[in-house]
Amino acid sequence: MARRVEPDPLTWWERYGHRLSARPETAVDPGPDATSPAQPGGTVEPSQVRNEAELATAAQLRDDAILRARADVPSQGWRRLVHAASRGVVNPGPGPGEQELRALLERIRSPLESPRRIAVSSIKGGVGKTTVASCLGLVLAEHRGDRVIALDANPDAGTLADRLTGESAVTVRDLLDDLDHVGSWTDVSRYTSLAGRLQVLASEQDPAASEAFNRDEYERVCEVLVRFFTIVITDSGTGLVHSAMKGTLELADSLIVVGAPTVDGASRASKTLDWLLAHSYGDLVADAVVVLSCDRSSAEIDRTRIREHFESRCRAVVEVPHDPHLATGGRVTLGRLRPATRDAFYELAALIADGFTPGD
């Protein structure tokens, strides 16, 4: 039988004795003359030490700091299939296209602390102005957590509600008539219809009645809407000198001018900018986004030159490719758009959201 070896007491103390001696109650008080390394020549109050410790702890306990990092899992295409088939053993990660989409969505979700009013305008009809307003509203409403409404301010029986919900029995005129009695979200929702998460306020379908929708009434409607919605998208008419259009421009925080890569479509969009500059809307033009709807195209048109022209005048240009779903002129559904068309509207929404800086 092996003989048990007793530990050497001196060796054990040398190894572990310091753990017993380093007790908090045996710490020596440095006295009133001691100085803090952080504050040379001064004393450190106990409350100050506690406050600094609490601040440091709160700053460090972020989810990205305390949660274990996980591999980025792809959610599209062959990469997702490979990851699923291998039960996660093989993870090729998201591809370039998915990474770009995630970056766009992150921009679209930029924080917003005060309401924003976005005007979608064009002096030429038939270039896709209502389509742009519809798709922009759907993208923002789907990918943001705040409330978004699309308002049809077209004085000539606009089709925004037809493109989004198909419901236009209750219109902005009805809201105006009852404006003094609107005091809650429930009251407002009686006058809107719903397309996904997007609220829609239809225009008056009787041209004789809609002609009375003037600047003062538009401003009154907006004053109510910004109490309940974070983003108000206005699909304006084609007449820049119309009274309601003046109210739209005066209140707009962001402007989208819709044109087309054609001779008439591009020239009309450029003339829209000329008119705005001539009427003291220079700041709005400089920050504007021009959307070129490419439903009509021709090899004889130099699209690069058209794009460069508008890029020199505005903040950005977005080209929306031809899409069979949009070309029908019927109800707009984001899920039926081609990927390139969807990405173009994501880019447009991201550009608008780039201006959603806190405190605006």
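Student: Does Asp-287 count as buried, partly exposed or exposed, and what is the value behind that class?

Tutor: In this predicted model, a residue counts as buried under 20% relative accessible area and as exposed over 50%, with partly exposed in between. The value for Asp-287 falls in that middle range, so the residue is classed as partly exposed, at a relative accessibility of 31%.

Student: With which residue does the side chain of Asp-287 meet in a salt bridge?

Tutor: Asp-287 lies in the loop between α14 (282-286) and β7 (289-293), and its partner is 28 residues away, in the loop between α15 and β8. The two side chains meet with an N to O distance of 2.9 Å. The partner is partly exposed, with a relative accessible area of 32%. The residue asked for is Arg-315.

Student: How many residues apart are Asp-274 and Arg-313, and where do they lie?

Tutor: Asp-274 and Arg-313 form a salt bridge whose closest N and O atoms are 2.7 Å apart. Asp-274 is partly exposed, its relative accessible area being 40%. Asp-274 belongs to helix α13 and Arg-313 to the loop between α15 and β8, so that the pair links distant parts of the chain, with a separation in sequence of 39 residues.

Student: Which residue forms a salt bridge with Arg-107?

Tutor: Arg-107 is in helix α5 (residues 96-108), and its partner is in the segment after α17 (339-353), 247 residues apart from it. Arg-107 is partly exposed at 30% relative accessible area, and the partner is partly exposed at 34%. The closest N and O atoms of the pair are 2.6 Å apart, and the partner is Asp-354.

Student: How many salt bridges does the structure hold?

Tutor: Salt bridges also occur as a network, which links Arg-303, Arg-307, Glu-311 and Glu-319. For the structure, the number of salt bridges is 13.

Student: Are helices α13 and α15 roughly parallel or roughly antiparallel to each other?

Tutor: The axes of α13 (residues 263-278) and α15 (residues 303-311) come within 11 Å and cross at roughly 5 degrees. Angles under 35 degrees count as roughly parallel. The two helices, α13 and α15, are therefore classed as roughly parallel.

Student: How many residues of the contact of α13 with α15 are nonpolar, how many polar and how many charged?

Tutor: From α13, Ala-266, Ala-269, Ser-270 and Leu-273 take part, and they meet Ile-306, His-309 and Phe-310 of α15. Sorted by type, the residues of this contact are five nonpolar, two polar and no charged.

Student: Is α6 roughly parallel or roughly perpendicular to α17?

Tutor: Helix α6 (residues 129-143) packs with α17 at an angle of about 75 degrees, and the axes are 9 Å apart. Angles of 65 to 115 degrees form one class. The angle between α6 and α17 belongs to it, which means that the arrangement is roughly perpendicular.

Student: How does the contact of α6 with α17 divide into nonpolar, polar and charged residues?

Tutor: In α6, the residues Val-132, Cys-135, Leu-136, Val-139, Leu-140 and His-143 take part. They meet Phe-345, Tyr-346, Leu-348 and Ala-349 in α17. The division is nine nonpolar, one polar and no charged.

Student: Is Leu-201 buried or exposed?

Tutor: Leu-201 is in strand β4 (residues 198-201). Not counting residues up to four places away in sequence, Leu-201 touches a set of residues including Ile-149, Leu-151, Val-172, Tyr-191 and Leu-225. Its relative accessibility is 1%, so Leu-201 counts as buried.

Student: Which residue has a positive phi although it is not a glycine?

Tutor: The residue is found in the loop between α13 and α14. It is exposed, with a relative accessible area of 68%. Its phi is about 70 degrees, and the residue is Ser-280.

Student: How many disulfides does a search of the whole structure find?

Tutor: A disulfide is a covalent bond between the sulfur atoms of two cysteines. The chain has buried cysteines, among them Cys-294 at 5% relative accessible area and Cys-314 at 7%. The number of disulfides found in the whole structure is zero.

Student: What share of the residues in the chain is buried?

Tutor: The secondary structure of the chain comes to 17 helices and eight strands. Among contacts between residues at least 6 apart in sequence, 76% join residues at least 24 apart. Of the 360 residues in the chain, the buried share is 42%.

Methods. Residues numbered from 1 in each chain as written. Predicted model: local features only at pLDDT ≥ 70, side-chain atom pairs only at ≥ 80, totals over all residues. Heavy atoms only, no water. Disulfide = S-S within 2.5 Å. Buried < 20%, exposed > 50% of the residue type's maximum accessible area, 1.4 Å probe, protein only. Axes fitted to C-alpha atoms, helices over the stretch in contact; angles between N-to-C directions. Helix = DSSP H or I, 4+ residues; strand = E, 2+ residues; numbered from the N terminus. Parallel < 35°, antiparallel > 145°, perpendicular 65-115°, else oblique. Contact = heavy atoms within 4.5 Å. Nonpolar A, V, L, I, M, F, W, Y, C, P; charged D, E, K, R; others polar. Salt bridge = Lys/Arg side-chain N within 4 Å of Asp/Glu carboxyl O.
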